[in-house]
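Biologist: I should like a close look at a single helix and at its burial. Please then set that helix beside other parts of the chain.

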Amino acid sequence: MSDTDGKKTLGLRGGARPGNVKQSFSHGRTKNVVVETKRKRVVVPKTGASKGGASGASLGDPAKRPAGITDAEMERRLKAVQAARSREVEEAAAREAEEKARAEDRERRRAEQEAKEQEERDREESLKAKAEEEERKLREAEAAAQAAAAPAPAAAEQPQRAAPSRPAPQDATARKKDRDADQRNNRNKGADDGRRSGKLTLNQALSGGEGGRQRSMAAMKRKQERARQKAMGGSVEREKVTRTVNLPEAIVVSELANRMAERVGDVVKSLMQMGMMVTQNQTIDADTAELIIEEFGHTVNRVSDADVEQVIHEVEDKPEDLQPRPPVITIMGHVDHGKTSLLDAIRNAKVVAGEAGGITQHIGAYQVVTDTGAVLSFLDTPGHAAFTSMRSRGAQVTDIVVLVVAADDAVMPQTVEAINHAKAAKVPMIVAINKIDKPGANPDKVRTDLLQHEVIVEKMSGEVQDVEVSAINGDGLDDLLEAIALQSELLELKANPNRAAQGAVIEAQLDVGRGPVATVLIQNGTLRQGDIFVVGEQYGKVRALINDKGERIKEAGPSVPVEVLGLNGTPEAGDVLNVTSTEAQAREIAEYREKAAKDKRAAAGAATTLEQLMANAKENENVSELPILVKADVQGSAEAIVQAMEKIGNDEVRVRVLHSGVGAITETDVGLAEASGAPIMGFNVRANASARNTANQKGVEIRYYSVIYDLVDDVKAAASGLLSNEIKENFIGYANIKEVFKVTGIGKVAGCLVTEGVARRSAGVRLLRDNVVVHEGTLKTLKRFKDEVSDVQSGQECGMAFENYDDIREGDVIEIFEREEVTRTLA
Ligand SMILES: Nc1nc2c(ncn2[C@@H]2O[C@H](COP(=O)(O)OP(=O)(O)OP(=O)(O)O)[C@@H](O)[C@H]2O)c(=O)[nH]1
């Protein structure tokens, strides 16, 4: 039905009518061929000549001829076939010629195109060169005028300089031309760009990548602006400010950017280009920071580490900025003379009355208003311990000390101690002679006693105000408050409420629900919600302020005690709080302090035992001092020990008492001892649990003594490098007194629980009350149920009674020890 000739394809299309064949040729050409078909079946066979090609032969051959085709018909067919073939040959020739012509045309067009492209390239290159030349000129002009330019453009230009491989278009015309050239010139610049985007390196990303694109937009805008200004003949350049940047040994990236007044992002980018992957919150060393500062065209001023604190070493307040502030009062005195009762009496009389529900939030300090309207801030932490710990941390908070002396008692060791503390701190005192309601009260005796300690009260023609009070029935309370108000007036206490706040931590704790909470007494300035601050080794942002009545407040001025929420850690009592302008500064200072404290501890090393110190003293000629810490049960003992210590020593070695105090050995003592490489001498006092743990961890030696001569002899021996045989005490157990019974025939018996080690009948015992040794002796009896036993193990209950001593109380601790003689050898 169809006829084909090799190359040509001949196909029936779906829609073609039978007898009409569509021929398809290369290059989309088609042709319809009409083919005749005979449906009539002819029966008479006839022979005929066959000429021509394959199809003609097949048709001409009578044997192959389809049946029923006549000769005439056959001839007609052959003719038709031949005509078709010759037509095809013609057509093929025509096609060939056409193809050739087209190829020639293409070739010609390509040559033309190439010539055009070359021309474009040349033109573009000359334009680029021109633009670069222009930019170079601009930069030169900029550098020349670098005296006082704005930081932003400089920051933006910096990376451009660092990445010259991708020149930014210079102005609108150049940009347009550049873009046109980009479009036209696919093989050259287009391919180049494609390669860049395909293989994006970090440097490209930083200098010419996405960030670069953003920046180049900004840069273009600035350049346009400059060009515009130039055209207008105005002052063209925004001048760059060259700053002198104070650079400590380490600096937080964002703070560095801040000090240079550059964009943080630009600084981070520059650092990354230098190969340092840092974020804005990370700290970098001074050498790196110096490179950055120079790169940004500023001047470096290297400062020491401690200078980070400079930001808080505030400007002096001008006299005209100062306003009167309430006084801060601490109550001190001997045990049981009525400090707590007096504080409570004042609070109850003056605070609770005005409060709904009468519930007072205990925040370690409170304010009262006297009848005459004076505001007084009381520190609610009685006793000298708080006072000294604050003072030793540099927070002189107290303005006035109220010295409580019981009228039915006399001036006692802690009274003297309080007097000495107040004098040392140069804080004026007011004597409150308490318990005057008591029948045996003798206020005049107190006054006379005080004379011995150089406290001359007004009634004895002195200058120290004295007030007779009763904390129980409230007598004289108002007089006391008025005396305080008067004293405060004399002091002319002033502060500047309009400045960044500074305060002292009175107490701090980690609250389960609220996180670290610190009670701060504001000393100067005003602390506000949202303020950023550093406090000791901690920092934070004020999340909430709560006053002594438990109310949330927005701000706290001078002498106001306030609870501060929003710290990153718990500071210590006595730490000073300072508001800083940025969080980076606050963190930097806190980190510096932490590091300094750590370094100090590390530097102190492990040389904290007497033996080590002595060995050091022998080995190292420079060690000429033997530092020690003394804690004693009463001031008298402490003083006696200190005096004895001062006498020890010769030309080479001297004993230096770093600190002496009264009361249990605390963590603070251990910290100080560790920092200075000193051992702690406890005289009739013990370390509290946390101090004991810390001392164990840090390798600080704590020695307990109950005879001053033993202590002095040991230190002498250590100082002279000769330690004799030692009677060493081993603590073998501890027991807590749960209950006290009276047993006829024996006296008072302590019902105890052995909490540690073992209780041994034959061992020595000490009775500890609040970690102070109140008695030392032996046991009269050790009973388990009804039986007398020799040992009672930890976790078991037992009954104990002391030989010749029965002032035992519930809550006391019994220390059980054994003595052994140890021969000391020197390493
Ligand atoms: N009669 C009388 N008793 C008082 C007075 N003041 C305090 N007391 C009593 O003295 C005892 C000791 O009072 P505190 O207030 O605990 O004494 P303190 O000085 O705080 O004692 P410490 O906290 O142990 O240092 C308590 O039993 C009080 O009731 C007073 O003015 N008159």
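Modeller: The buried residues of helix α8 are Val253, Ser254, Glu255, Leu256, Ala257, Arg259 and Met260. The list includes Glu255 and Arg259, and in this scheme Glu and Arg count as charged. Helix α8 spans residues 253-260, and because 7 of its 8 residues are buried, it is largely enclosed by the rest of the structure. A residue is called buried here if 20 or more other C-beta atoms lie within 10 Å of its own. Immediately after α8 comes Ala261, which has a positive phi, near 60 degrees. All of this refers to a predicted model.

Helix α18 may be set beside α8. Helix α18 covers residues 635-647, 13 residues in total, and extends 19 Å from its first C-alpha to its last, close to the expected 18 Å. Its buried residues are Gln635, Ser637, Ala638, Ile641 and Met645. Viewed down the axis of α18, these buried residues fall within an arc of 160 degrees, and they therefore line one face of the helix. The face turned away from the buried side of α18 carries Gln643, Glu646 and Lys647, which are exposed.

Helix α2, residues 71-144, contains Glu99. Glu99 counts as exposed because it has 12 C-beta neighbours inside 10 Å, and a residue with 12 or fewer is placed in that class. The C-alpha atom of Glu99 is separated by 9.6 Å from that of His27, although the two residues are 72 positions apart along the chain.

Helix α11, residues 339-350, belongs to the surroundings of the ligand: with 3 residues, α11 gives the most to the shell. There are 16 residues around the ligand, of which Gly338, Lys339, Thr340, Ser341 and Ala471 come nearest. By character, the shell divides into 7 polar, 5 charged and 4 nonpolar residues.

These parts belong to a chain with 21 helices and 38 strands. Of its 827 residues, 33% are buried. Among the contacts in the chain with a separation of 6 or more, 70% are between residues 24 or more positions apart. Against this background, to return to the request, α8 is a helix with 7 of its 8 residues buried, while α18 has its buried residues along one face.

Notes
Residues numbered from 1 in each chain as written. Predicted model: local features only at pLDDT ≥ 70, side-chain atom pairs only at ≥ 80, totals over all residues. Helix = DSSP H or I, 4+ residues; strand = E, 2+ residues; numbered from the N terminus. Expected span 1.5 Å × (residues − 1). Arc of directions from axis to C-beta. Near = placed C-beta within 6 Å. Contact = placed C-beta atoms within 7 Å.
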